[in-house]
Amino acid sequence: MNQSRQAGESRQFLGHPWPLSTLFGMEVWERFSFYGMQAILLIYLYYESARGGLGIAESAAFGIVGAYGSSVYLATILGGWFADRVLGPERTLFYSGAIVMAGHIALALVPGVPGVTLGLCLVALGSGGVKATCAALVGSLYAPGSPKRDAGFSIFYLGINLGGFAGPLLTGYLQSSAGFHYGFGIAAIGMALGLIQYAFGRRHLAEAQRHPPMPLAAGEAKRYLFGALGALVLLAAALVFGWLRADTLTDVILGVIVVTTLAYFVVILRSSQVSALERRRVLAFVPLFIASAVYWALYVQSYTVIVAFFDQRVDRQLGSWTIPVGWLTSVQALTIILLSGVFAWLWSRLGQRQPSSAAKFVIAMLVIGASFFGYLPWLGAEAAGMPLWVLVLLLLGFTVSELCLSPIGLSVTTRLAPRAMQTQMIALFYLSLSLGFAAGGRAGEWYTQRTEVAYFMALGTVSLIAGVLLALCLPAIRRASAGTE
């Protein structure tokens with residue numbers, strides 16, 4: 001075992017520590033299953049039963065997809081807690097992947113609303129654990145201040161999108177040719193392959209990652225167990241008495257996320273294990289958190305409103321063949337694959353001359369805002385259908401913005417995180433995604449063909465305003481985060 005680990009330490013993966021290859025592979029297959037399922041989820045919800053769907057109203061389907069995506073990132077809090085307090089990041093990652101696989105199996109085998117409910121709950125829970133731990137493990141491969149860190153996260157992000165490209169291709173094809181449940185089934189197989197790959201490579205990860213950095217003290221486990229049982233009782237009561245329904249789900253989740261976010265910031269800032277310097281860095285993270293939440297509220301439209309737009313308003317014909325709706329996610333992932341290597345090279349090439357992480361956030365906000373304005377000529381009752389090449393061009397804007405924010409957000413979070421709370425800070429970053437997905441799903445319920453011009457103009461305007469406000473905060477963020485770049 002020791003010889004194996006030493007061999008792994010001497011090898012490199014694209015110029016980076018060898019264990020990055022194991023985490024890269026795990027993320028490829030987990031994203032294969034996750035995005036493969038998500039690519040066909042919306043149309044499964046609103047297609048009528050004659051086409052294999054559940055026949056849910058389109059506006060309600062937008063809200064459900066947003067609430068589900070939000071729940072994935074909300075679950076990172078639980079995954080981060082288990083990693084830091086109970087199992088350690090490495091084992092939490094493995095068990096979370098197994099839960100994801102179980103969720104896809106439920107979607108494939110259990111019909112109707114019960115299958116969707118059980119499957120989405122399991123996938124959300126497991127994906128939250130994968131997200132919280134996999135990114136934290138990548139961060140642990142680099143020394144503080146390493147100039148390779150952003151490039152390493154960009155390579156890791158390439159793995160996310162390799163899976164995000166291949167998964168929707170297969171699920172979209174199987175959905176259109178054989179049915180939705182076959183698409184969900186191939187997602188389960190993909191996650192199984194990810195677990196097998198990870199089982200062979202996990203021995204190269206550092207021994208410290210197999211143990212929780214802040215293990216539960218004697219007597220704490222019982223208190224948390226009673227708290228978990230109380231939460232389950234409250235959830236059961238909400239379902240029985242109708243407090244939690246499909247039409248209120250997004251609002252309830254939004255409220256939970258806001259309360260959880262505020263509580264999490266208070267806990268971290270007041271922790272005795274957080275030094276004064278680390279506390280200032282957490283405060284510098286606040287405007288980045290807010291900007292990230294706004295960004296993902298805009299980006300989630302690509303899984304809701306833009307999917308419906310692609311289904312109904314874009315010319316998807318190539319000769320006599322119609323492109324499956326689920327392939328839209330693959331198009332997005334392909335553009336990221338093509339450009340992520342360019343961005344990894346660019347940040348490495350620029351070295352100390354590259355824009356700060358916060359400045360990259362500003363660039364992301366401005367670019368995605370401009371992309372929403374690009375839809376305007378093809379909106380409105382009298383507008384012609386959008387050519388496929390125009391949609392691909394606009395998705396490139398989404399890609400550039402995503403590469404300036406998402407992998408960079410993970411990287412800057414690991415830099416600003418207190419030493420004792422690395423994984424939990426990753427979970428806190430994912431709460432910004434959770435907040436954004438919930439808010440974006442809720443906003444999608446206001447979209448109709450009658451309001452679409454005003455809707456897209458509002459999205460673009462919000463993004464540009466948020467980018468300008470964040471730019472004004474850059475000097476303060478730079479001072480507070482000194483020594484982490």
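The second largest pocket is lined by 30 residues, of which Thr 414, Ala 417, Arg 419, Ala 420 and Gln 422 lie nearest its centre. The model is predicted, so local features need pLDDT of at least 70 and side-chain atom pairs count only at pLDDT 80 or more, while totals for chains, interfaces and linings use all residues. Numbering runs from 1 along each chain as its sequence is written, and side-chain values use heavy atoms, with hydrogens and water left out.

The volume of this second largest pocket is about 660 Å³. Pockets and cavities are found on a 1 Å grid over the protein atoms alone. A cavity is a set of points where a 1.4 Å probe fits but cannot get out. A pocket is an open set with protein on both sides within 12 Å along at least five of seven lines. Lining residues have an atom within 4 Å of a point. Points are joined across faces, edges and corners, and a volume is the space filled by probe spheres set on them.

Four helices each supply at least two residues of the pocket lining: helix 5 (112-139), helix 10 (276-299), helix 14 and helix 15 (422-444). Helices here are DSSP runs of H or I, at least four residues long, numbered from the N terminus. By class, the pocket lining has 13 nonpolar, 11 polar and 6 charged residues. Ala, Val, Leu, Ile, Met, Phe, Trp, Tyr, Cys and Pro count as nonpolar; Asp, Glu, Lys and Arg count as charged; the others, Gly among them, count as polar.

Now the enclosed spaces. The structure holds 3 cavities of 30 Å³ or more. The largest cavity has about 140 Å³ of space. Its lining has 17 residues, and Tyr 35, Tyr 73, Lys 131, Tyr 157 and Ser 406 lie nearest the centre. Helix 2 (19-46), helix 6 (149-177), helix 10, helix 14 and helix 15 each supply at least two lining residues. Helix 15 gives the most, with 4 residues. The lining of the largest cavity divides into 12 nonpolar, 2 polar and 3 charged residues.

The second largest cavity holds about 80 Å³. Its lining includes Tyr 35, Tyr 157, Gln 332, Ile 336 and Glu 402. Helix 6 and helix 12 each supply at least two of the lining residues. By class, 7 are nonpolar, 4 polar and 1 charged.

Next, the helix packing. Helix 12 (residues 327-350) and helix 14 (residues 388-416) pack at about 50°, with axes 8 Å apart. Axes are lines fitted to C-alpha atoms, for helices over the stretch in contact, and angles run from 0 to 180 degrees between N-to-C directions. Helix 12 and helix 14 are therefore oblique to each other. Angles under 35 degrees count as roughly parallel, over 145 as roughly antiparallel, 65 to 115 as roughly perpendicular and the rest as oblique. The crossing of helix 12 and helix 14 is right-handed. A crossing is right-handed if the near helix is turned clockwise from the far one by less than a right angle, and left-handed if anticlockwise.

In this contact (heavy atoms within 4.5 Å), helix 12 residues including Gln 332, Ile 336 and Phe 343 meet helix 14 residues including Leu 395, Glu 402 and Ile 408. The contact residues divide into 14 nonpolar, 4 polar and 1 charged.

Helix 14 also packs with helix 10, at about 150° and with axes 11 Å apart. The pair is therefore roughly antiparallel. The crossing of helix 10 and helix 14 is left-handed. Among the helix 10 residues in contact are Arg 281, Phe 285 and Tyr 299; among those of helix 14 are Glu 402, Ser 406 and Leu 416. By class, this contact has 10 nonpolar, 4 polar and 2 charged residues.

Last comes the pairing of helix 3 (residues 58-85) with helix 5. Their axes come within 6 Å and cross at roughly 55°. That makes helix 3 oblique to helix 5. The crossing of helix 3 and helix 5 is right-handed. The contact includes Tyr 73, Gly 79 and Gly 80 of helix 3, and Gly 128, Gly 129 and Lys 131 of helix 5. By class, the contact has 11 nonpolar, 8 polar and 1 charged residues.
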